[in-house]
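Colleague: I'm new to this one, so please pick a single part and walk me through it slowly. A small sheet would suit me well.

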Amino acid sequence: MAFSADPTAQPYVVEDCRGVLQLLSDGTVVRSAALPFPVDGNVAYNDHGRVEWKDAVYDAGLGLGLRMYKPTTDRDEEGKKLPVLVYFHGGGFCIGSCTWPNFHAGCLRLACELPAVVISFDYRLAPEHRLPTAHEDAAAALLWMQNQLALDPWLADAADPCKVFVSGESAGGNIAHHLALRFGRAGLDPMRIAGYILLMPAFCSEQPTQSELDSPATAFLNRETCDRYCRLFLPSGANKDHPLVNPFGSDSPSLETLDVGRVLVVAAEGDLLRDKNVEYAERLKAAQGKGNDDVELVVFAGEEHAFFGVKPTSGATGELVRVIRRFMATETEAAC
């Protein structure tokens, strides 16, 4: 992206991302502490004291943190440990944090209602840090977890390292896909990844799908906003067929190379990414010759993109948590 070379020119806004991030003509990035949507009853989840949480750091040099959650109940008399759900937030790779109240509420709900130990990671954001930085940070996060699940007393008390599920919404769902490519289910011994959960993953291409063409300008994620995110997070000179965002591009790794065990893909009927999400699930199932129990697709009628992150206390999110709970409870074939 070219910027003005005139040192006397007054900087002006080149890109505005939901009013909380602005890229100026001189290359300056201005961030606001405000949220990109109203904070109301939809982002306040009452766990009734059934979840405890704390913040930690997984890369002090880069200032990268995380927020960990664990239920205070739901352990049986034998002290059976709980599955672990890793969560990467959405925000177009440009905005968001594990400390945002909406993502915090969603993770509280997951920890309480699954129940599970939930670990929500931050990662560096574009445009200051374009892709693949977020993917590299997420990989570092899982590598940090390898030993922490056993070494950190707060986690070791509750977390089962043999039942780790990697999830994310929107940009975070894209991250989960790339972590699956890198680690599969056997690349993080002694920790075992039992499955991947992709919520409305951010996949796109230069050729628009029908759901993109049908998406109204009033949608939470419309084509203009999606294109803006892509301009801000893609590597310089890259387009939407880059392997980082198009899993079906000519240069993208084959889905046949994935050794991921079980995968849950969640799409939203009113999401412009719906068709790409559905195609991903269908292609993954075909590429790996898996049955319906291995690759599962669930489409939420009447919902828009990122409804989990935007409306963490809604009825639809409650149903999504139940879908995730059923998926995580299904018997898996191996132990650590």
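Modeller: Here is a close look at one sheet and the helix beside it. Keep in mind that this is a predicted model, where local features need pLDDT of at least 70, side-chain atom pairs count only at pLDDT 80 or more, and totals for chains, interfaces and linings use all residues. Residues are numbered from 1 along each chain as its sequence is written, and side-chain values use heavy atoms, with hydrogens and water left out.

The sheet is open and has 3 strands (DSSP E runs of at least two residues, numbered from the N terminus), in the order β1-β2-β3. Their pairing (at least two DSSP bridges between two strands) is antiparallel. Start at the edges: β1 covers 13-17 and β3 covers 29-31, and each of them pairs on one side only. Neighbouring strands here are turned against each other by 15 degrees on average, direction ignored (axes are lines fitted to C-alpha atoms, for helices over the stretch in contact, and angles run from 0 to 180 degrees between N-to-C directions).

Now zoom in on β2, residues 21-24, which pairs with β3 in the antiparallel sense over 3 bridges. If you'd like a spot to click on, go to Gln22: its bridge partner in β3 is Val30.

Finally, look at what packs on the sheet: helix α6 (a DSSP H or I run of at least four residues), spanning residues 223-233. Helix α6 touches β1 and β2, with contact meaning heavy atoms within 4.5 Å. The direction of α6 makes about 115 degrees with that of β1.
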